Amino acid sequence: MIVFITGATAGFGKATAELFAKNGYNVIVTGRRKDRLDTLSAELKSKYKVDVLSLCFDVRHLSEVQSAIASIPPKWKKIDILVNNAGLAVGMGPIQEGVIDDWEQMIDTNVKGLLYMTRSIAPMMIENGKGHIVNIGSIAGKEVYANGNVYCASKYAVDALNKCMRIDLLPHGIKVTAINPGIAETEFSIVRFKGDAERAKSVYKGLNPLTAEDIADTIFWAATRPAHVNILDIVITAAAQANTTNFIRH
Ligand code: NDP
Ligand code: 8X3
């Protein structure tokens, strides 16, 4: 079995690569940070004795996506599972003060990147006669929150695409699943607040957030149901989170 994971250099993607490798799957790990991909590949190969293919590219650039996919050796072409995970929030503030470059980054990564990946890999799955696409949305794609505007919009787009691609791929036997996490402690907030570690830490203050491993576990569970079962959509939060705005902090 082959699993292709976008954004495997950190957070959910990295934990997902580890969990699948631990369970004997061969993994294709991707991201922009080559040093991290090299370290992760070496670790997974030596620890779990699986094959690992590492592809370094930026999901925002169609030409990079296309050449990365074209470079996949024949034995790796039968991709069983695609985890569309690469994504980010950049900035947080009212719409009237929005930073256009932050908006572009979120839309280009979370929406267009996911589309480029799906457009490249779904035809390969159709040719193989099977496949499973797991899209990482967010609770922010189910319910908005103050100052979340463009990030929320990008994840609402993932929610819509998830539902639409399930219809389009249904005749081809390809499963489509969305996993929508609430707040989870990864590098997400450090990226959102542009390296401000103090501000990033404050997001999780006084509560026990989800971990990358919790999400990897959920992805793995959804991807390993019997052939006749498909999990459509999961929203998962820390026990201390009720929705996008209500938390219990101690
Ligand atoms: P991290 O910042 O820890 O990891 C993000 C991953 O995405 C990294 O591997 C990064 O790799 C990759 N990535 C970002 N931009 C690009 C790009 N342009 N091209 C290729 N890869 C890219 O965050 P999380 O693990 O938390 O986030 C993973 C997904 O989960 C995202 O889609 C996020 O929106 C979503 N999410 C996160 C939640 C949270 O609270 N943490 C909650 C709900 C959803 P690199 O920088 O090396 O390219
Ligand atoms: C990340 C979760 O609530 O910070 O998607 O937007 S939230």
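In the predicted model, glutamate 187 and arginine 33 form a salt bridge in which the closest N and O atoms are 3.5 Å apart. Glutamate 187 lies in the loop between strand S6 (174-181) and helix H6 (188-192), and arginine 33 lies in the loop between strand S2 (26-31) and helix H2 (34-48), so the contact ties together parts that are 154 residues apart in sequence. Both partners count as partly exposed: the relative accessibility is 28% for glutamate 187 and 36% for arginine 33.

Glutamate 187 also meets the side chain of arginine 36 in a salt bridge, with an N to O distance of 2.9 Å. This pair likewise links distant parts of the chain, since glutamate 187 is in the loop between S6 and H6 while arginine 36 is in helix H2, 151 residues away. Arginine 36 has a relative accessibility of 31% and is therefore classed as partly exposed. Side chains of opposite charge can pair when their charged atoms come close. Glutamate 187 is thus a partner of arginine 33 and of arginine 36.

A further salt bridge joins arginine 60 to aspartate 58, and here the closest N and O atoms are 2.7 Å apart. The two residues fall into separate accessibility classes: arginine 60 is partly exposed, with a relative accessible area of 23%, whereas aspartate 58 counts as buried at 10% relative accessibility. The assignment follows from the cut-off, because buried means under 20% relative accessible area. Elsewhere, salt bridges with shared partners connect Lys142, Asp159, Lys163 and Asp233 into one network. The structure holds 13 salt bridges, among them the pairs of glutamate 187 with arginine 33 and with arginine 36, and the pair of arginine 60 with aspartate 58.

Aspartate 214 was examined with respect to its place in the fold. This residue is located in helix H8, which spans residues 212-223. Aspartate 214 has a relative accessible area of 32% and is accordingly partly exposed. The C-alpha atom of aspartate 214 is separated by 9.6 Å from that of alanine 238, a residue 24 positions apart from it along the chain.

Terms used: Residues numbered from 1 in each chain as written. Chains lettered and ligands numbered in written order. Predicted model: local features only at pLDDT ≥ 70, side-chain atom pairs only at ≥ 80, totals over all residues. Heavy atoms only, no water. Helix = DSSP H or I, 4+ residues; strand = E, 2+ residues; numbered from the N terminus. Buried < 20%, exposed > 50% of the residue type's maximum accessible area, 1.4 Å probe, protein only. Salt bridge = Lys/Arg side-chain N within 4 Å of Asp/Glu carboxyl O.
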